[in-house]
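Welcome, and thanks for taking a look at this one with me. Here are a few notes to read alongside the model.

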Amino acid sequence: MAKGRVTKDEWTAAALRALARGGLAAVAVDVLARELAVSRGSFYWHFENREALLVAALEAWERHATAEVITAVRDEDDPWTRARMLFAVALGSEEIAGLEPALVAHTAHPAVAEVVARVTRTRLDFLAEIFGGLGFGPGEARHRALAGYAAYLGWLELRRTAPDTAPEVLPRGPGAEAALDHLVTMILTPPPPPRTPGPVPPPA
């Protein structure tokens with residue numbers, strides 16, 4: 001039975017769930033209308049066309065998964081707690097499982113490419129800020145930001161493609177807390193001091 005008019009946020013959330021399930025092709029107005037139990041006409045209260053829905057959905061993802069996370073993490077004063085909090089939040093329970101790997105896989109679409117590129121820049125800049133707050137210089141902070149973000153994307157991809165083989169990457173999988181703590185410790189650990197070369201032995 002059809003229900004009353006749904007909100008714009010409900011449409012964008014449904015679009016993101018569809019994208020996570022089946023990629024861009026799954027973001028179909030008729031299919032989403034059935035999922036939301038409304039008529040197709042309800043769609044046009046909020047969006048001019050499917051492309052407008054897609055853009056709105058991507059912007060909602062950017063806002064919830066990046067801007068709001070950064071704002072929450074910045075409220076933590078201690079730099080070490082802030083760094084650990086960022087990874088714990090980012091790799092915790094996904095609001096829509098498999099969404100980020102699906103988005104990365106569809107960057108051939110201009111709208112997806114634009115938002116994913118913007119989100120990536122914002123996240124890398126914030127990660128570098130996090131590492132800078134821990135005392136790393138600009139170059140080291142940037143390198144750790146790259147390593148940390150690569151680990152984040154790989155963690156989500158393992159969660160999507162190999163949950164049985166690597167159950168530790170699941171939010172509540174066996175050993176998940178220890179595995180996440182190990183990852184964060186590894187990324188945050190300062191490098192060892194450079195080794196002082198010993199005396200060169202005399203030629204035999």
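1. A good place to begin is the largest pocket of this predicted model. Its lining is made up of 29 residues, and those nearest the centre are His64, Ala65, Glu100, Arg123 and Tyr152. Two or more lining residues come from each of the helices α1 (8-22), α4 (50-74), α5 (79-90), α6 (99-105), α7 (110-133) and α8 (138-161).

2. Which helix gives the most to that lining? It is α4, with seven residues. As for volume, the largest pocket comes to about 680 Å³.

3. You may like to check the character of the lining too. It divides into 18 nonpolar residues, six polar ones and five charged ones.

4. Next, please find Arg123, which sits in helix α7 and is among the residues nearest the pocket's centre. Is Arg123 buried or exposed? Its relative accessibility is 9%, and because buried means under 20%, Arg123 counts as buried. Setting aside neighbours within four places in sequence, Arg123 is in contact with Trp61, Ala65, Thr66, Glu100, Tyr149 and Tyr152. Of these partners, Ala65, Glu100 and Tyr152 also belong to the group nearest the centre of the pocket.

5. Finally, have a look at His46, in the loop between α3 (40-43) and α4. His46 has 27% relative accessibility, so it counts as partly exposed. Apart from neighbours within four places in sequence, its contacts are Arg5, Val6, Thr7, Lys8 and Trp11. The C-alpha atom of His46 is separated by 20 Å from that of Val112, a residue 66 residues apart from it along the chain.

Notes:
Residues numbered from 1 in each chain as written. Predicted model: local features only at pLDDT ≥ 70, side-chain atom pairs only at ≥ 80, totals over all residues. Heavy atoms only, no water. 1 Å grid on protein atoms, 1.4 Å probe; cavity = no way out; pocket = protein on both sides within 12 Å on 5 of 7 lines; lining within 4 Å. Points joined across faces, edges and corners; volume = space filled by probe spheres on them. Helix = DSSP H or I, 4+ residues; strand = E, 2+ residues; numbered from the N terminus. Nonpolar A, V, L, I, M, F, W, Y, C, P; charged D, E, K, R; others polar. Buried < 20%, exposed > 50% of the residue type's maximum accessible area, 1.4 Å probe, protein only. Contact = heavy atoms within 4.5 Å.
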